[in-house]
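Hi there,

Here is the structure I promised to pass on. Please have a look at it, and then read my notes on its charged side chains.

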Amino acid sequence: MKDWEKLVAGPKEGLTKLSCKLADSPHRIKYKNNETAVFGENVTIFCNLTTPADVVQITWQKIQGSSRQNIGTYSNIYGEKILPPYRDRLHCEVIEPNSSFITIREVTFEDEACYKCLFNAFPQGSHSGQICLNIIAVSEIKTELQSNFDSEDFLSFIYSAVGKPVPQISLFPSKVLVNPPEEYLAQNPNGTVTITKMYNVSLETVRSLSLQHLIVHMDHPLRNEEKIVPLSVKQEYGEFTHETGNPNRWLPRVGVAVFVGLLCHLSAYRLIWFFAAVRLCRAAQVVTQDEEELLNTPASLRCSLQNSEEVLIVTWQKIKAESPENMVTFSKNHGVVVQPAYKDKINITQLELKNSTITFWNTTLEDEGCYKCLFNTFGSGKISGKACLTLSVQPTVFLHYKFFEDHVNITCSANARPAPVISWKVSGSGIENSTEILSHPNGTTSVTSVLQVKDPKSQVGKEVICQVLHLGTMTSVRQTLDKGFWFSVPLLLSIVSLVILLVLISILLYWKRRRNQDRGELSVERRKETEGGQLLKLLV
């Protein structure tokens, strides 16, 4: 198995050897908290019991998460005991009982764990130390070069490597780059990460600088690597040649002189039709279909490559005014890589290289727009297609009416996305129509249409139909106008005035009656007082 395949593949068992040695120190347990090992090489970890004691037994345990497993023990009485399933993988050599060393040979990613040493001593009891082993690895740089038919002014380089931690790849000199490189990261099952970088190199800049080669640099804690990429640029015909050292070398040569001579015999109009036909043939290679879905529901966009080119990577981009934005990529070696801005929002749900489908789990207003699917093919560069997503909201319709003294208002309102269209079916004359349109932050639009009927009595008992057209579907809402009640303003004022007059008259009559009663009572009292005075005079 190649080094690249070993790094990407899952963990495999390695051979481990245990040996034990003695050491003394003022501290009780001496050990390193962390140890780093290189994939495929040997590593030694140790624990040192520095306090003089009678060690009865030494035990080593492998700890992964919450799992704790004994892998081997040693005592002066019983010797070593390697426990299954490590019996054929471990060996312990004891020199003195106060210090223990473990040597792991040809480490694999399965050996990445924490290891605990337990010293059971008399009379101190049990003492332990724990060392965590970290495995690092890196592959060589893998190089691919693609021609780009979308533009004859630049070429696309693809460099990738597998490592733990992630290696860093850069291209020099950076001034030859058309735009910043595209970087993709893919997490492998064994903990390594595959990094892929795509560079677009300007041929014009290469010629102007008279560059003979480019330098690809990889930086990793395990090693730094530089690879020279030789270039050959012929100025007179714009011919470009690139050759790599691997068997899959790419060596395009363009017969520019012959091509230019051919174009000289073509008229301007024939040239226009010629290039248009080339673009149409290329566009026809990718079959797409625009989709229309309801807002806040799942939606999928599909692209299908119809030719026989070998596809290396499929990339989906969102088309924006400033520049396309990478969303998600898929390749057989790297799997699916979703960019952070689109995590938990989308994913590739058809894991094929010539037929690709992305699915939006729950569409929002930001998802509406057009998207580009890029098929990066070997030898032909990028072949792209465009699919657009339109989001809609079904209409909600309300119909009601209200009578006034001299007219009736019939109102029909509909809220939807995109904006609905309202029409009426109503009989009669003297009808005026007004429409109001209001946009909402949630992307929907409300359309309100009001009919004003001058003769309200003529509409009583008749049916009114409001028709709402939305995305080719007509919705009809019917309403029959019931008998209303009308009041004459002058009559109403007369009635109110009469009531007020009656109330005033009643108050006046009551007041006069009350005053007469008070006068009568006063006269009776005065008469009684007079008669009493006369009677008193007679008695005297």
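Below is what I found on salt bridges, with some notes on how the files were handled.

This is a predicted model, where local features need pLDDT of at least 70, side-chain atom pairs count only at pLDDT 80 or more, and totals for chains, interfaces and linings use all residues. Residues are numbered from 1 along each chain as its sequence is written, and side-chain values use heavy atoms, with hydrogens and water left out.

A search of the whole structure turns up eight salt bridges (a side-chain nitrogen of Lys or Arg within 4 Å of a carboxyl oxygen of Asp or Glu). Three of the pairs are described here, including their exposure (buried is under 20% relative accessible area, exposed over 50%, partly exposed in between, with a 1.4 Å probe and protein chains only).

Among them is Lys32 with Glu35, whose closest N and O atoms are 3.4 Å apart. Lys32 is partly exposed at 41%, while Glu35 is buried at 17%.

Arg223 and Glu225 also pair up, at 3.6 Å from N to O. Here Arg223 is partly exposed at 30% and Glu225 is buried at 15%.

Arg478 meets Glu463 at 3.3 Å, N to O. Arg478 sits in strand E34 (residues 473-480) and Glu463 in strand E33 (residues 463-470), so this pair ties together parts that are 15 residues apart in sequence. Strands here are DSSP runs of at least two residues (E), numbered from the N terminus. Arg478 is exposed at 51%, and Glu463 is partly exposed at 41%.

Best wishes

Conventions: Helices (H or I, at least four residues) and strands (E, at least two) are DSSP runs, numbered from the N terminus.
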